[in-house]
Amino acid sequence: MAEDSDLEKTEEPTGRRIEQAREKGQIPQSRELGTFSVLIVAAVTLWMMGGWFMERTLDLTRRAFVFEAKHMHEPAQMVPRLADISADALFVFAPLFALLVVAAIIPPFFLNAWVFAPSALMPDLKRMNPLSGLGRMFSWNSLMELGKAVLKATLVGGVAALLIVNQRDEIFGLLGEPLESGLAHAGRMLLFSFLMLVLTLFLVVAADVPFQLWHYYHKLKMTKEEVKQEMKEMMGDPHVKGRIRSLQMQAARRRMMQSVPQADVIVTNPTHYAVALAYKAGMAAPRVVAKGTGVIALKIRELGAEHAVTTLEAPPLARALYKHAPLDKEIPAALYNAVAEVLAYVYQLAQWRQVGGAYPVPPRQLPVPPELVPEAA
């Protein structure tokens with residue numbers, strides 16, 4: 001039963017799953033929204049600028065049917081004349097065309113579906129498979145499209161019938177009006193009817209957009225196993241990450257151990273902690289070149305002994321340095337005085353080895369702030 005449940009797509013799509021779908025051109029689409037956007041913009045534009053379009057169209061029509069004598073005797077002049085009239089017509093209707101182009105482009109923004117996916121333009125032979133085509137024809141999605149078509153036809157047909165019934169007196173009254181006023185009256189009636197029919201489609205859009213969004217995200221749902229696999233791909237396999245982390249730590253230890261011979265002193269706990277310090281000319285403060293506990297501390301002490309690095313047993317200072325001094329960084333200012341006494345002892349010991357004399361006494365009571373000393377391990 002557990003295996004069966006894992007195969008069910010019960011998990012919401014992750015952001016990466018959605019982004020991958022967008023890269024393939026799979027986005028939520030609503031043809032109803034696009035159609036409504038274009039039609040409503042056309043209806044509103046014609047309603048607001050219909051008089052202007054009518055005047056310019058009548059003017060163009062008059063010009064087109066007026067022939068000058070030179071055009072009759074010089075047919076070559078007809079082509080430039082046609083070009084001029086066509087350019088004027090394009091100029092007149094350019095605002096409408098521009099608004100329609102904008103109306104066709106805007107709808108994807110409402111669905112967050114504006115994306116350029118070159119992979120979607122590549123030919124796919126699977127789409128040419130007749131069996132797949134038959135499957136799409138009788139799919140659940142096709143049934144929904146059929147239902148929308150029936151709903152649109154019912155709504156638009158019903159509203160059209162209501163408009164005709166309510167305006168039947170005006171329609172018959174057009175027969176008794178003068179030609180010019182009758183045409184204007186008929187134009188207003190047609191624009192009003194067109195606007196009402198387009199507004200009717202808003203009901204279809206209001207139902208289609210939520211459905212398309214739900215259907216899109218429903219198709220992208222994932223199984224629990226897919227979510228786990230994606231997390232592994234994004235975060236990395238824990239076993240692989242653990243192995244990489246282990247190798248990185250080993251490499252860091254090797255680099256740290258290579259710095260031990262250059263240290264001036266190794267401060268110990270004496271057995272649990274070991275911190276190697278170096279102070280060279282030009283440094284603002286002593287620097288921690290190696291530190292560790294347990295086996296690593298033992299290795300630091302062994303390397304120090306092999307390369308004659310002075311070792312000083314100072315448990316509070318060793319624990320404070322290990323806790324508060326980052327590797328390959330300068331020691332905290334609060335430990336300057338204590339480390340200065342240690343380095344002074346190291347320099348005295350080096351001087352004794354060269355010229356002899358009284359053996360220097362190792363420092364015992366170092367000024368280590370108690371709040372910097374962690375409890376002994």
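**Close-up views of a predicted model**

The protein chain exposes about 24700 Å², with carbon and sulfur atoms supplying 65% of that area. The model shown in these views is predicted.

**Figure 1. An overview of the protein chain, to get our bearings.** The chain holds 15 helices and 4 strands. Of its 377 residues, 29% count as buried. Among contacts with a sequence separation of 6 or more, 74% come from residues 24 or more positions apart. As for confidence, the mean pLDDT of the chain is 81, and 86% of the residues reach 70 or more.

**Figure 2. The start of the chain, residues 1-6, is a place to look at with care.** Here pLDDT stays under 50. For this stretch the model has 3 contacts beyond four places in sequence. Where pLDDT is low, the predicted coordinates should not be read in detail.

**Figure 3. Thr14 sits in a loop between two helices.** The loop that holds Thr14 runs between α1 (2-7) and α2 (15-23). Is Thr14 buried or exposed? Thr14 counts as buried because its relative accessibility is 19%, and the cut-off for buried is under 20%. Once neighbours within four places in sequence are left aside, Thr14 is in contact with Met222 and Glu230.

**Figure 4. Two spans carry a "transmembrane region" label in UniProt and are helix in the model.** The UniProt record, an unreviewed entry, lists residues 33-54, 90-117, 146-165 and 189-214 under this name. This view takes up two of them, beginning with residues 146-165, a span that is 100% helix and 0% strand. The C-alpha atoms at its ends lie 28 Å apart. Residues 189-214 are likewise 100% helix and 0% strand, and here the end C-alpha atoms are 39 Å apart.

**Figure 5. A nonpolar patch on the surface draws on α5 and α6.** Val101, Val102, Ile105, Ile106, Phe109 and Phe110 make up this patch of about 580 Å². Helices α5 (78-105) and α6 (107-110) each supply at least two of its residues. Which helix gives the most to the patch? That is α5, with 3 residues. One member to pick out is Phe110, found in helix α6. Phe110 counts as exposed because its relative accessibility is 66%, and the cut-off for exposed is over 50%. According to the UniProt record, the listed spans include residues 90-117.

**Figure 6. Met257, in helix α12, meets residues from further along the chain.** Helix α12 covers residues 238-259, and Met257 is found in it. With a relative accessible area of 14%, Met257 is buried. Which residues does Met257 contact, leaving aside neighbours within four places in sequence? They are Ile296, Lys299, Ile300 and Leu303. For one of these partners, Ile300, the C-alpha atom is 6.9 Å from that of Met257, although the two residues are 43 residues apart along the chain.

**Figure 7. Ala320, in helix α14, is a buried residue with several contacts.** The helix here spans residues 315-324. Ala320 has a relative accessible area of 0%, so it is buried. Setting aside residues up to four places away in sequence, Ala320 touches Ala325, Leu335, Val368, Leu372, Val373 and Pro374. To follow the view a little further, find Pro369: it is 49 residues from Ala320 in sequence, with 8.8 Å between their C-alpha atoms.

Conventions
Residues numbered from 1 in each chain as written. Predicted model: local features only at pLDDT ≥ 70, side-chain atom pairs only at ≥ 80, totals over all residues. Heavy atoms only, no water. pLDDT = per-residue confidence, 0-100. Contact = heavy atoms within 4.5 Å. UniProt positions renumbered as here; feature names shortened; annotations may be inferred. Patch = residues over 30% accessible without salt bridge, like charges linked within 9 Å, V, L, I, M, F, W, Y side chains within 5 Å. Areas by Shrake-Rupley, 256 points an atom, 1.4 Å probe, with all protein chains shown as cover. Salt bridge = Lys/Arg side-chain N within 4 Å of Asp/Glu carboxyl O. Buried < 20%, exposed > 50% of the residue type's maximum accessible area, 1.4 Å probe, protein only.
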